[in-house]
Structures are given as structure tokens and as C-alpha cells.
Amino acid sequence: WITRYLPVLTSARNFAVAHQKRLGISEWANRDVDAPAFIDLMAGWMVALPSSGAGSLAYHVLFNPPDVSYDLDRQPRARARYLALFGTR
């Protein structure tokens, strides 16, 4: 999380703030690992963004194609956590 995802998310947020734009996360996922902690980290990071204005979250989309390593149906603990935090997919 700290070395792979957080730097990219921080850079995207900083870019949005610098350009007075809202942030969109078009695809996010954790490949090959059933890790509810990753879902928690992503949700926590998104919740910590401003609620409006530059750097706020406009949208996010979980990358969840069927029958590949990102598929939450293959990650039951992460799927349960995602549904608990974000509702139906």
C-alpha cells in the first residue's frame, strides 16, 4: 500500500488540487490477493479527501472483470468488505 498505491493516489490528488479539479479514480483493484485490508485502506483514503471542491472525489470505479485475478468473486473476504463499505456493485 505505502510504496505501490499511496504515492500514485497522492500524486493524482495533488494534480487535481493544483488544477482546481475534482478527482476521479477510474479503476482500482488488488490483484490476486483476498485482502479486505486493501479495501479498508482505499475506502479510508477516499473518505479522507475533501467533501467538495478541488481534490474531492468525483467518482471511483472498482476494476472487477469476471473470471480474472481481479474478480471479487474469487476474493470472498475482500468482496464482503467492499459490499459492507460501498454497497452493491
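Select Gly 24 and Tyr 59 in this predicted model: Gly 24 stands opposite Tyr 59, a residue of strand E2. Next, display the two strands in full. Strand E1 covers residues 23-28 and strand E2 covers residues 57-62; the two run parallel and are joined by four bridges. To follow the connection between them, colour helix H2, residues 36-47. The chain leaves E1, passes through H2 and arrives at E2, and this β-α-β crossover is right-handed.

**The loop after E1**

Move to the loop between E1 and H2 and select Asn 30, which is placed there. Is Asn 30 buried or exposed? Its relative accessibility is 15%, so Asn 30 counts as buried. Add Tyr 70 to the selection and draw a distance between the C-alpha atoms. Asn 30 and Tyr 70 are 6.4 Å apart in space by that criterion, while 40 residues separate them in sequence.

In the loop between E1 and H2, select Asp 32 as well. Asp 32 is exposed, with a relative accessible area of 55%. Its backbone merits inspection: Asp 32 has a positive phi of about 65 degrees, although it is not a glycine.

A further residue with a positive phi is Gln 20, at about 55 degrees, and Gln 20 is not a glycine either. To find Gln 20, go to the loop between H1 and E1. Gln 20 counts as exposed, because its relative accessibility is 63%.

**The aromatic residues**

Now show the side chains of the aromatic residues. A search of the whole structure finds eight aromatic pairs. Begin with Trp 1 and Phe 38, whose arrangement is edge-to-face, with 6.3 Å from centre to centre and 75 degrees between the planes. Which parts of the chain does this pair tie together? Trp 1 lies in the segment before helix H1 (6-18) and Phe 38 lies in helix H2, so the pair links parts that are 37 residues apart in sequence. The two partners may also be compared on a surface display. Trp 1 counts as partly exposed, at 24% relative accessibility, whereas Phe 38 counts as buried, at 7%.

Continue to Tyr 82 and Phe 86, an aromatic pair that is tilted, with 4.8 Å centre to centre and 35 degrees between the planes. Both residues lie in helix H3, residues 76-86, and they are four residues apart, about one turn of the helix. Tyr 82 is buried, its relative accessible area being 8%, while Phe 86 is partly exposed at 27%.

Keep these four residues selected and add Tyr 5 and Trp 28. Trp 1, Tyr 5, Trp 28, Phe 38, Tyr 82 and Phe 86 form one aromatic cluster.

**The cavity**

Leave Phe 38 on display and switch on a cavity view. The structure holds one cavity of 30 Å³ or more. How much space lies in the largest cavity? It holds about 70 Å³. To locate the centre of the largest cavity, select Asn 30, Phe 38, Ile 39, Leu 72 and Gln 75, which are the closest to that centre of the 13 residues in the lining. Two of these have been visited already: Asn 30 in the loop between E1 and H2, and Phe 38 in the aromatic cluster. Colouring the lining by residue class is the next step. The lining of the largest cavity comprises 11 nonpolar and two polar residues, with no charged residue.

**The loop before H3**

For the last stop, select Val 68, which sits in the loop between E2 and H3. Val 68 is partly exposed, with a relative accessible area of 32%. Then select Trp 45 and draw the distance from its C-alpha atom to that of Val 68. The two C-alpha atoms are separated by 26 Å, and the residues are 23 residues apart along the chain. This can be set beside the selection of Asn 30 and Tyr 70, where 40 residues of sequence accompany a C-alpha separation of 6.4 Å.

Terms used: Residues are numbered from 1 along each chain as its sequence is written. This is a predicted model: local features need pLDDT of at least 70, side-chain atom pairs count only at pLDDT 80 or more; totals for chains, interfaces and linings use all residues. Side-chain values use heavy atoms; hydrogens and water are left out. Two strands pair if DSSP finds at least two bridges between them. A crossover is right-handed if, with the strands pointing away from the viewer, the path from the first strand over the helix to the second runs clockwise. Rings of Phe, Tyr and Trp (its six-membered ring) pair if their centres lie within 6.5 Å; planes under 30 degrees apart count as stacked, over 60 as edge-to-face and the rest as tilted. Buried means under 20% relative accessible area, exposed over 50%, partly exposed in between (1.4 Å probe, protein chains only). On a 1 Å grid over the protein atoms alone, a cavity is a set of points where a 1.4 Å probe fits but cannot get out, and a pocket is an open set with protein on both sides within 12 Å along at least five of seven lines; lining residues have an atom within 4 Å of a point. Grid points are joined across faces, edges and corners, and a volume is the space filled by probe spheres set on the points. Ala, Val, Leu, Ile, Met, Phe, Trp, Tyr, Cys and Pro count as nonpolar, Asp, Glu, Lys and Arg as charged, and the others, Gly among them, as polar.
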